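Thanks for coming. I will put the model up, then go through the contacts with DNA and after that the helix packing.

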There are 2 protein chains.
Amino acid sequence: MEQTDQQPWVMVDTALFTILEERLCLLLARRQEPPFEGVPALPGGFVHVEEDMDTTMAARRVIRGKLGIDAPYLEQLFTFSGPARDPRGWSISVAYYALIPAALLSQSQAVEAVPVEALPGLPFDHPQIVAKAIERLRGKATYSSLPAFLLPGEFTMNDLHRIYQQTIGTRLDQASFRHKILEQDIIEPIPNRFRGGAHRPARLYRLTRRVLTSFERKI
Amino acid sequence: MEQTDQQPWVMVDTALFTILEERLCLLLARRQEPPFEGVPALPGGFVHVEEDMDTTMAARRVIRGKLGIDAPYLEQLFTFSGPARDPRGWSISVAYYALIPAALLSQSQAVEAVPVEALPGLPFDHPQIVAKAIERLRGKATYSSLPAFLLPGEFTMNDLHRIYQQTIGTRLDQASFRHKILEQDIIEPIPNRFRGGAHRPARLYRLTRRVLTSFERKI
DNA sequence: CTAGTTAATTGTTTATTGCAAGTAACATTT
DNA sequence: AAATGTTACTTGCAATAAACAATTAACTAG
């Protein structure tokens with residue numbers, strides 16, 4: 001399998017976000033083979049010819065291979081190409097970003113979570129990919145249900161409030177947030193489900209069917 | 001140059017928007033070669049290995065080849081791939097969309113403008129590309145300076161108002177529109193420049209340096 | 001039964017927005 | 001030169017939504 005001048009390698013790279021200890025983190029995997037063997041990088045792999053429609057199938061396969069799970073939210077980000085981005089030669093990388101609830105990550109994983117403000121130097125053009133992924137995530141977070149996909153299936157209003165603030169990076173008024181979210185038909189209360197401590201129990205919510213199915217359609 | 005199983009053809013396809021007779025139109029070119037020779041389709045072409053960074057260079061080359069001009073606004077849209085999208089075999093298409101002021105189009109062009117509500121059947125997966133391009137354009141139009149790129153360098157407030165309405169597809173209040181646009185530092189009045197008829201002359205505006213340079217950076 | 005803690009709501013003020021009417025600045029007509 | 005028509009632009013007001021601050025609700029633990 002030799003590379004011609006006219007046809008590049010095609011790969012996917014994935015920027016996987018999660019929230020750990022109240023901070024937005026990126027999941028990095030140490031590279032198993034050269035180039036940059038042993039260096040933490042965005043999980044990626046080659047696209048197979050049979051992976052139809054768009055390259056989402058390939059991204060799913062990569063994520064399943066690294067984490068053993070499916071990402072609740074996965075979206076194509078941008079396509080990078082050129083002769084210089086990979087030392088092996090002309091390549092095209094279709095970049096994806098995904099949101100992974102921390103609850104889905106098991107401990108002994110082949111990935112490590114790094115806060116986005118404290119990323120190590122990354123190989124290839126991965127710094128560009130990460131920058132674009134964060135920009136997109138922040139941009140969409142403000143007006144969409146996106147950050148909710150960083151939470152497990154059941155969550156309280158305050159969980160959601162915190163997650164939005166962490167992804168956007170600014171403080172949001174509590175009362176206004178509640179009101180706006182409930183207006184938008186993004187989440188619904190789960191009947192008779194509460195989470196309690198030594199205080200008033202918090203009502204549990206879930207994403208509405210509308211949000212879940214509208215996301216499915218995009219895949 | 002034979003296609004291997006592992007490396008697809010890489011092409012760009014461009015969805016070129018313009019406003020003609022108060023309607024949002026798409027520019028289509030009749031295909032010069034098989035497959036689908038003679039059929040109107042999105043202008044496209046193969047990506048060359050030396051076209052670095054991302055595939056924007058290839059998209060520029062295609063647009064320059066068809067229209068003889070550079071698009072004032074050009075943005076990567078989505079990447080489509082798979083063995084079935086092109087009858088010639090496995091291919092990847094990086095789709096772009098661009099905004100072209102009608103004033104830049106000369107008459108005897110190799111393209112025809114078709115209103116987006118009256119598109120003919122398009123070959124390949126071009127209908128998907130167009131659908132996604134319109135969705136993105138509409139989505140961004142509401143909160144950005146994007147529709148202004150459909151106008152020439154100088155325009156009146158009412159020109160801008162009409163263009164926004166045409167791209168979004170709904171009516172916008174005149175007073176609120178003026179107010180909001182001026183708040184946002186998107187446009188600025190050109191000193192002492194007016195356009196008159198048999199009535200009060202309209203002040204001419206241009207995009208601010210801030211908007212123009214922030215777009216340049218994205219390229 | 002009181003204190004402590006987090007959840008959720010309620011008012012009050014302050015910007016935004018939507019709508020309607022009015023004023024401004026011309027050219028053209030009388 | 002005054003009246004008229006036409007498009008540009010502004011103003012005022014009512015309705016809505018957002019930001020802020022404080023209050024009430026529902027529990028547990030001592």
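Start with a base contact: in DNA strand C, a base nitrogen sits 3.4 Å from an N or O atom in the side chain of A:R200. By polar contact I mean a pair of N or O atoms within 3.5 Å; within protein, one must be able to donate a hydrogen and the other to accept it, and residues adjacent in sequence count only if both atoms are side-chain atoms.

A word on where this comes from. This is a predicted model, where local features need pLDDT of at least 70 and side-chain atom pairs count only at pLDDT 80 or more, while totals for chains, interfaces and linings use all residues. Residues are numbered from 1 along each chain as its sequence is written, chains are lettered from A and ligands numbered from 1 in the order in which they are written, and side-chain values use heavy atoms, with hydrogens and water left out.

Back to DNA strand C. A polar backbone atom of A:A198 is 2.9 Å from a base nitrogen of that strand. On the phosphate side, A:R178 has a polar side-chain atom 2.9 Å from a phosphate oxygen of DNA strand C. The elements giving two or more residues to the surface near DNA strand C are helix 3, helix 4 and strand 10 of chain A, and helix 4 and strand 10 of chain B. Helices here are DSSP runs (H or I, at least four residues), as are strands (E, at least two), numbered from the N terminus. Strand 10 of chain A gives the most, 5 residues.

Altogether 21 residues surround DNA strand C, and the closest are A:N158, A:R178, A:A198, A:H199 and B:R200. Near means that a heavy atom of the residue lies within 4 Å. Of the strand C atoms within 4 Å of the protein, 63% belong to sugar or phosphate and the rest to bases. The surface residues divide into 8 nonpolar, 6 polar and 7 charged. Nonpolar covers Ala, Val, Leu, Ile, Met, Phe, Trp, Tyr, Cys and Pro; charged is Asp, Glu, Lys and Arg; the others, Gly among them, are polar.

Now DNA strand D. Which residues are the closest to DNA strand D? They are A:R200, B:N158, B:R178, B:A198 and B:R203, out of 19 that surround it. Sugar and phosphate make up 66% of the DNA strand D atoms within 4 Å of the protein. A polar side-chain atom of B:N158 is 2.4 Å from a phosphate oxygen of DNA strand D. At the bases, the side chain of A:S176 has an N or O atom 3.3 Å from a base nitrogen of DNA strand D, and a polar backbone atom of A:H199 is 3.3 Å from a base oxygen. Strand 10 of chain B gives the most to this surface, with 5 residues.

Last, the helices. In chain A, the axes of helix 3 (residues 157-168) and helix 4 (residues 174-183) come within 11 Å and cross at roughly 100°. Axes are lines fitted to C-alpha atoms, for helices over the stretch in contact, and angles run from 0 to 180 degrees between N-to-C directions. Helix 3 of chain A and helix 4 of chain A are therefore roughly perpendicular, a term for angles of 65 to 115 degrees. The contact (heavy atoms within 4.5 Å) involves A:M157, A:N158, A:L160, A:H161 and A:Y164 of helix 3 of chain A and A:Q174, A:F177, A:R178, A:I181 and A:L182 of helix 4 of chain A.

Terms used: Angles under 35 degrees count as roughly parallel, over 145 as roughly antiparallel, 65 to 115 as roughly perpendicular and the rest as oblique.
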